[in-house]
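Reader: I want to learn how to read this model feature by feature. Where should we begin?

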Amino acid sequence: MYRIGIDLGGTNIAAGIVDGDYKIVSKGSVPTIAHRDADEIVKDMAALCKALLKDAGLTLADVELVGAASPGNVDRDLGVVVYANNIKMKNYPLAEKLGKALGFDKIEVENDANAAALGEAIAGCGKGVSSFVMVTLGTGVGGGIVIDGKIYSGYKGAGAELGHMVIEHNGVPCTCGRRGCFESYSSATGLIRMTRNKMLEDKSSSMWRLVEGDIDRVSGRTAFKAAAGGDKSAREVCAEYIDYLSCGLANVINVLRPEILALGGGVSHEGPALMEPLIERVLSESYGGGLVPMTEIVQATLGNDAGIIGAAYIS
């Protein structure tokens, strides 16, 4: 038997057919067109699943479960997306709607960050460990907690919002309404803000040349790329970013002490320039003074496939 995992994003709907060894045997994607009515998005989700089954020479009779990972707050017990910020879903019965569109009644729904963490835990860098946390450094900061192979998502699925703990009291406003959230400082968005601010302070920085004088072209890579070339201001940006990131990760570790903490998302691809100073700093801030077992910090390995695999194995 096979399972289908659907990763619903603000830009694309990705889906895959996953076998019993957590291998994706067929996958594809279509644009989300997120401003549309949710029912239209669900029709495309169902159509994508049917197309993948046809391509693989399978039918729904070969499928034991379809899992859908959605952004936002998800009530898994009810199969409802309570609220999604970038997709028009509010108290939306996604499991019911997808089941009708697909003609299939074994549907599970989960938050996308939780699903990605589960995917990494069962088939990626967390395989074989009993406690695993994944932090995704993208437009925001996503978090997922997996304990003994099961997602921990808190009451009514609203927990594990690791990006919304405060690490700077009365700091930068966050989209959630608080100030100084981990997400505001450690997301790619936060890194871009820090980079732009430093560039405005230092007009001679090589970061200006990297963006050809257009500050709107700054990305999460700009500071790290310039720092690799020896730019002093860029190195200061990277150090500040790593300082905030290490603070948030040490907080997560001190509360949960997972066996492995994985970093995903675009910023995590900076490699040793990020990971080496980050791990050293987190070690210094983690409770126990080196006398208690330390969480291993690694880069996630499955990329975009994590959400598909995790969605397929929600239950």
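Author: With a definition. A salt bridge is a side-chain nitrogen of Lys or Arg within 4 Å of a carboxyl oxygen of Asp or Glu. Keep in mind that this is a predicted model.

Reader: How many salt bridges does the structure hold?

Author: The structure holds 15 salt bridges. Take D39 and K97. Their side chains meet in one of them, at 3.6 Å from N to O. This pair links distant parts of the chain. D39 sits in helix 1 (residues 38-56) and K97 in helix 2 (residues 94-102), 58 residues apart.

Reader: Are D39 and K97 buried, partly exposed or exposed?

Author: Buried means under 20% relative accessible area, and exposed means over 50%. D39 is at 29%, so it is partly exposed. K97 is at 31%, so it also counts as partly exposed.

Reader: What about salt bridges inside one helix?

Author: General idea: an α-helix has 3.6 residues a turn, so residues three or four places apart point the same way. Now the cases. E40 and K43 both lie in helix 1, three residues apart, about one turn. Their side chains form a salt bridge at 3.4 Å, N to O. E40 has 34% relative accessibility, so it counts as partly exposed.

Reader: Which residue does E96 meet in a salt bridge?

Author: K100, at 3.3 Å from N to O. E96 and K100 are four residues apart in helix 2, so about one helical turn separates them. E96 is partly exposed at 45%. K100 is exposed at 63%. Elsewhere, salt bridges that share partners join K198, E201, K232 and E236 into one network.

Reader: Next, sheets. How do I read one?

Author: Strands of a sheet pair through backbone hydrogen bonds, either parallel or antiparallel. Then read the strand order. One open sheet of five strands runs 3-2-1-4-8, with mixed pairing. Strand 3 (24-31) and strand 8 stand at the edges, each with a single partner strand, so one side of each has no neighbour in the sheet. Neighbouring strands are turned by 15 degrees against each other on average, direction ignored.

Reader: How many bridges join strand 1 to strand 4?

Author: Six, and the two strands run parallel. Strand 1 covers residues 2-8. For one position, look at G5: it stands opposite G67 in strand 4.

Reader: What is the strand order in the other open sheet of five strands, the one with strand 11 in it?

Author: The order is 11-10-9-12-13, again with mixed pairing. Strand 11 and strand 13 (296-299) are the edges, each with a single partner, so one side of each is left without a neighbour in the sheet. The twist averages 25 degrees from one strand to the next. Strand 12 (residues 260-264) pairs with strand 13 in the parallel sense over four bridges. There, the bridge partner of I260 is E296 in strand 13.

Reader: Which helices pack on this sheet?

Author: Helix 3 is one of them; it touches strand 9, strand 10 and strand 11. Its direction makes about 50 degrees with that of strand 10. Helix 8 (residues 232-256) also packs on the sheet, touching strand 9, strand 10, strand 12 and strand 13. Helix 8 makes about 155 degrees with strand 9.

Reader: Where else does helix 3 lie?

Author: Across strand 1, strand 4 and strand 8, at about 100 degrees to strand 8.

Reader: Is helix 3 largely enclosed or largely open?

Author: Count its buried residues. They make up 10 of the 12, so helix 3 is largely enclosed by the rest of the structure. Among them are N114, L118, E120 and I122. The cover includes strand 4 (63-70), strand 9 (131-137), strand 10 (141-147) and helix 10 (305-312).

Reader: How do I check helix length and ends?

Author: Compare the span with 1.5 Å a residue. Helix 3 (residues 112-123) reaches 16 Å, close to the 16 Å expected. The 25 residues of helix 8 should span 36 Å, and its end C-alpha atoms are 36 Å apart, which agrees. Then look at the ends. At the start of helix 3, a side-chain oxygen of N111 comes to within 2.9 Å of the backbone nitrogen of A113. D231 caps the N-terminal end of helix 8, with a side-chain oxygen 3.1 Å from the backbone nitrogen of S233. Just after helix 8, R257 takes a positive phi of about 45 degrees.

Definitions and conventions
Residues numbered from 1 in each chain as written. Predicted model: local features only at pLDDT ≥ 70, side-chain atom pairs only at ≥ 80, totals over all residues. Heavy atoms only, no water. Expected span 1.5 Å × (residues − 1). Buried < 20%, exposed > 50% of the residue type's maximum accessible area, 1.4 Å probe, protein only. Contact = heavy atoms within 4.5 Å. Polar contact = N/O pair within 3.5 Å; in protein donor to acceptor, adjacent residues only side chain to side chain. Pairing = 2+ DSSP bridges. Axes fitted to C-alpha atoms, helices over the stretch in contact; angles between N-to-C directions.
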